[in-house]
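Visitor: I am new to this structure and would like to learn how to read it. Could you show me around, one feature at a time?

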Amino acid sequence: MIATILLTACATGGSDPGSAVCPPVVAYDQALRDKAAAELEALPEDAALVGMMADYAVVRTQARACAG
């Protein structure tokens, strides 16, 4: 699950749903993803950061889909 979180927003501009503005998805190298995964694994399961990173993974997936 942690790897999925790290490897994974689409915002719209104005009120026109046809004018999507896609945020960039920051690329992280493998070493940094591995370090982050190890740090997340060290956290207790009920740590707030674990849930926040899961939300962030969803946003990254949405940004990729938005950009096409």
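Visitor: Which residues of H3 are buried?

Guide: Buried means under 20% relative accessible area, exposed means over 50%, and partly exposed lies in between (1.4 Å probe, protein chains only). In H3 the buried residues are Val 50, Met 53, Ala 57, Arg 60, Ala 63 and Cys 66. An α-helix has 3.6 residues a turn, so residues three or four places apart point the same way. For the chain, 19% of the 68 residues count as buried.

Visitor: What should I know about the model itself?

Guide: This is a predicted model, where local features need pLDDT of at least 70 and side-chain atom pairs count only at pLDDT 80 or more, while totals for chains, interfaces and linings use all residues. Residues are numbered from 1 along each chain as its sequence is written, and side-chain values use heavy atoms, with hydrogens and water left out.

Visitor: What does pLDDT tell me, and what is the average for the chain?

Guide: pLDDT is the predictor's confidence in each residue, from 0 to 100. The chain averages 82, and 72% of the residues score at least 70. Among its elements, H2 has the highest mean, 96, and strand S1 (residues 11-12) the lowest, 43. Over residues 9-15 pLDDT stays under 50; the model has 21 contacts (heavy atoms within 4.5 Å) for them beyond four places in sequence.

Visitor: How many helices and strands does the chain have?

Guide: Helices (H or I, at least four residues) and strands (E, at least two) are DSSP runs, numbered from the N terminus. Here there are three helices and two strands, in the order α-β-β-α-α along the sequence.

Visitor: What span should H3 have?

Guide: The expected span of a helix is 1.5 Å times one less than its number of residues. H3 has 20 residues and should span 28 Å; its end C-alpha atoms are 29 Å apart, which agrees. Just after H3, Gly 68 takes a positive phi of about 90°.

Visitor: Which residues form a salt bridge?

Guide: Side chains of opposite charge can pair when their charged atoms come close. The term salt bridge is used for a side-chain nitrogen of Lys or Arg within 4 Å of a carboxyl oxygen of Asp or Glu. The whole structure has one: Lys 35 pairs with Glu 39, with 2.5 Å between the closest N and O atoms. These two sit four residues apart in helix H2 (residues 30-42), so about one helical turn separates them. Glu 39 is partly exposed, at 44% relative accessibility.

Visitor: Where is Leu 40, and is Leu 40 buried or exposed?

Guide: Leu 40 lies in helix H2 and is buried, at 8% relative accessibility. Leu 40 and Met 53 are 13 residues apart in sequence, with their C-alpha atoms 9.0 Å apart in space.

Visitor: Which residues form a nonpolar patch on the surface?

Guide: Patches are made of residues with over 30% relative accessible area and no salt bridge; like charges are joined within 9 Å, nonpolar side chains (Val, Leu, Ile, Met, Phe, Trp, Tyr) within 5 Å. Here the patch consists of Leu 43, Leu 49 and Met 52, together offering about 270 Å² of accessible area, an area that comes from the Shrake-Rupley method with a 1.4 Å probe, where for residues only the protein chains shown count as cover. Leu 43 is in the loop between H2 and H3 and is partly exposed at 31%, while Met 52 belongs to helix H3 (residues 48-67) and is exposed at 53%.
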